[in-house]
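Biologist: I am new to reading protein models, and I would like a close look at a single part of this one. Could you pick one strand, walk me through its surroundings, and then show me how it fits into the rest?

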Amino acid sequence: DIVTKTPLTISEPIALTSFSPEKARPGDKITLEGTYLNLIKEVIFANKKSVGDSAFVSQSKTKIEVNVPSDAQTGLIVLSNGLAEPILVESASALEVTLPAVSAIAPTPVKAGAVLTMEGTDLDLTKEITFNGGSKVTSFVSQTAAKIELTVPADAKDGPLRLAAASLVEVTTTQAVEMKVPAISGISPNPAKNGSDITVTGADLDLVTGVTFGGGKTGAIQSSAADQLTVKVPDDAPSGAVALHTAAGKSVTSAATLTMIKPSISGISPLDIQFTKELTITGSDLDLVTKVKFSGGTEATPTSTAANEVKVDVPVGTASGPVTLVAKNGDEVTSAGSLNILPSTSATITAMPAQAKPGEMINIEGENLDEITTVIFPLNVPATMFGLKLDNLIQVIVPTDAKKGVGTLTLIT
C-alpha cells in the first residue's frame with residue numbers, strides 16, 4: 001500500500017459570485033450569493049472588521065445575509081471558513097460604505113460659541129467634527145440624517161470641516177467656515193496715559209483674548225462684553241494703533257492711532273545750579289518720567305516723581321543747556337528753559353579704580369580735587385606718597401599697611 005505522509009484534505013469549491021446592494025450604510029443588511037456558503041464562519045469587511053456566523057442574519061448553501069458593521073470601511077469583502085489554515089474568498093468588487101456628505105453650512109461668518117448648522121445626507125453617521133486648527137466636537141446640539149447643529153469652539157479657525165464616521169474615515173467639506181472678527185467703533189480716552197485704562201467700543205468684543213498696542217506691547221484685559229472692552233495700557237507702549245486678537249487666530253486693528261500722553265514741563269528750579277544739587281521740575285504727567293537727560297551727555301534717575309513734580313540731582317559733568325525728560329515708553333520732551341551750570345566749589349570724585357594693591361599708584365579723577373589735603377585708606381591709614389595733584393586728578397600710592405578687602409576712601413579738604 002502507498003500511504004501519504006500528510007493528510008489529504010478535500011475542500012468544497014466555495015465561491016462568492018455577487019453581493020447586493022453594492023453601496024450600503026453601516027448597519028444595513030447586504031446579501032452575499034455564491035456556492036457552499038454554508039461553510040463560511042466569518043465575513044470580513046475592509047478595515048479588518050469581522051462578523052462571525054453567529055451574527056449572520058441568515059445563512060444557506062447559496063446565500064448569506066449580514067449587517068454592515070458600524071465601523072466598516074469601503075473595500076473588498078472576504079469570506080473565511082474559519083479553519084486554522086482558512087480558505088479565504090474575496091469579492092470581485094468593493095463594497096462602498098456610505099459616508100456623511102455636507103451640502104451647506106450656515107451661518108458664515110459664524111461667531112465662536114454660536115450654533116453652526118450643517119445640512120446634507122447621512123449626517124447621522126458622523127461621530128466627530130474637526131475644525132481647522134484642531135478643535136474637535138463630539139457632542140452635538142442636534143443630529144439627524146439631514147442636519148447637524150453644533151456649538152462652535154472658542155478656538156475654531158477659518159477653513160473646511162472634517163467629519164469622521166465610526167470607521168475613522170474622514171470627509172472634508174468643500175465649503176469653508178469663516179470665523180467672525182470683532183469690530184472697533186471707538187477708543188476712549190484718546191490720548192491715553194500709560195498705565196491707565198482705555199475703553200474700546202464695538203461689536204463682538206467678547207471674542208477678544210488679547211490686545212496689543214504700539215510697539216507690539218501687550219495690554220491686560222480688565223473686563224469684556226460684546227459691545228465694550230476695558231484694557232490697561234502697558235507702561236512701555238508708544239503711540240500706535242490698537243489690535244484685537246481672538247482665539248481663532250484672527251485680528252482687527254483700529255483705524256485711528258491711540259496717542260500716548262507725554263509729560264509736560266512748566267518750570268525748572270533753580271535755573272542756576274551746581275553739580276550734585278537737587279533740581280526740581282514741575283509740570284503735568286511727570287509720574288511717567290523714568291530718566292532725565294542733561295546737556296553734556298549726562299543723565300540721572302529721578303530721586304522722586306509725582307504727577308506734577310520731579311526731583312533729580314544734577315550729575316557731575318553736566319553742561320549748561322535744556323533738560324530732557326524720558327517717559328516709560330521712551331517718549332521724550334525737552335524743556336524750553338536752560339540750566340546754567342555754576343562752577344563747583346566743592347571737591348567731587350567722578351572716577352577711581354575699583355581695586356588696587358599696596359604700593360600701587362592709583363588715579364582719582366573729579367572736580368576741584370586741588371582742595372584735597374588728605375587721603376585716608378581703610379583702618380584709618382593716611383596716604384603719605386602722592387604723584388600729581390591737579391584740579392581734576394590726584395595720584396596717590398596705596399600705603400603698604402592699608403587693610404586688604406573692600407573698604408572706603410576718605411578725602412579731606
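Modeller: Happy to! Let's start with two strands lying side by side: strand S36 (residues 361–367) and S40 pair in the antiparallel sense, over five bridges. Keep in mind that this is a predicted model. One pair of residues to look for is Asn 363, which stands opposite Gln 395 in S40.

S40 covers residues 393–397, and it has another partner too. Strand S39 (residues 386–389) runs antiparallel to S40 and is joined to it by two bridges. Here you can look for Phe 386, whose bridge partner in S40 is Val 396. If you follow the chain from S39 to S40, you pass through a hairpin of three residues. As background, strands of a sheet pair through backbone hydrogen bonds, in either a parallel or an antiparallel way.

Now, is S40 buried or exposed? Five of its five residues are buried, so the strand is largely enclosed by the rest of the structure. It helps to know that in a regular strand the side chains alternate between the two faces of the sheet. In S40, Leu 393, Gln 395 and Ile 397 are on one side, while Ile 394 and Val 396 are on the other. All of these residues are buried, and both faces of S40 are covered.

Let's step back to the whole chain. What kinds of elements does it have? The protein chain has 41 strands and zero helices. Its radius of gyration is 43 Å, well over the 22 Å that the globule rule gives for 413 residues, so the chain is more spread out than a compact globule. Along the principal axes, its C-alpha atoms fill a box of roughly 135 × 70 × 25 Å. Of the 413 residues, 38% count as buried. Among contacts with a separation of 6 or more, 54% come from residues 24 or more positions apart.

For another example of strand pairing, find the open sheet of four strands in the order S25-S27-S31-S30, with antiparallel pairing. Strand S25 (264–269) and strand S30 (304–306) stand at its edges, each with a single partner strand, so one side of each has no neighbour in the sheet. From one strand to the next, the twist averages 20°. S25 runs antiparallel to strand S27 (residues 278–284), and five bridges join them. Within this pair, Ile 265 stands opposite Gly 283 in S27.

Next, have a look at the largest nonpolar core, which has 21 residues. The members that touch the most other members are Ile 30, Leu 32, Phe 45, Ile 77, Leu 79 and Leu 95. Two or more residues come from each of strand S1 (15–20), S3, strand S4 (42–46), S7, S8 and strand S9 (88–97). S9 gives the most, with three residues. Ile 77 is a good place to zoom in: leaving aside neighbours within four places in sequence, its contacts include Leu 16, Phe 19, Ile 30, Leu 32, Phe 45, Val 89 and Leu 95.

Finally, let's turn to charged side chains. The structure holds 19 salt bridges. In one of them, Glu 65 meets Lys 29, with the closest N and O atoms 3.6 Å apart. Glu 65 sits in strand S7 (residues 63–67) and Lys 29 in strand S3 (residues 29–35), so this pair links parts of the chain that are 36 residues apart. Glu 65 is buried, with a relative accessible area of 15%, whereas Lys 29 is partly exposed at 42%.

Another salt bridge brings together Asp 71 and Lys 49, at 3.0 Å from N to O. Asp 71 is in the loop between S7 and strand S8 (73–80) and Lys 49 is in strand S5 (residues 49–52), so the pair ties together parts 22 residues apart in sequence. Asp 71 is partly exposed at 22% relative accessibility, and Lys 49 is partly exposed at 24%.

Lys 293 and Glu 332 also meet in a salt bridge, at 2.9 Å from N to O. Lys 293 belongs to strand S28 (residues 289–293) and Glu 332 to strand S33 (residues 332–334), 39 residues apart. One last place to visit is the network of salt bridges that links Arg 25, Asp 122 and Asp 124.

How values were computed. Residues numbered from 1 in each chain as written. Predicted model: local features only at pLDDT ≥ 70, side-chain atom pairs only at ≥ 80, totals over all residues. Heavy atoms only, no water. Salt bridge = Lys/Arg side-chain N within 4 Å of Asp/Glu carboxyl O. Buried < 20%, exposed > 50% of the residue type's maximum accessible area, 1.4 Å probe, protein only. Core = buried A, V, L, I, M, F, W, Y, C linked by side-chain atoms within 4.5 Å. Contact = heavy atoms within 4.5 Å. Pairing = 2+ DSSP bridges. Axes fitted to C-alpha atoms, helices over the stretch in contact; angles between N-to-C directions. Rg over C-alpha atoms; globule rule 2.2 N^0.38 Å.
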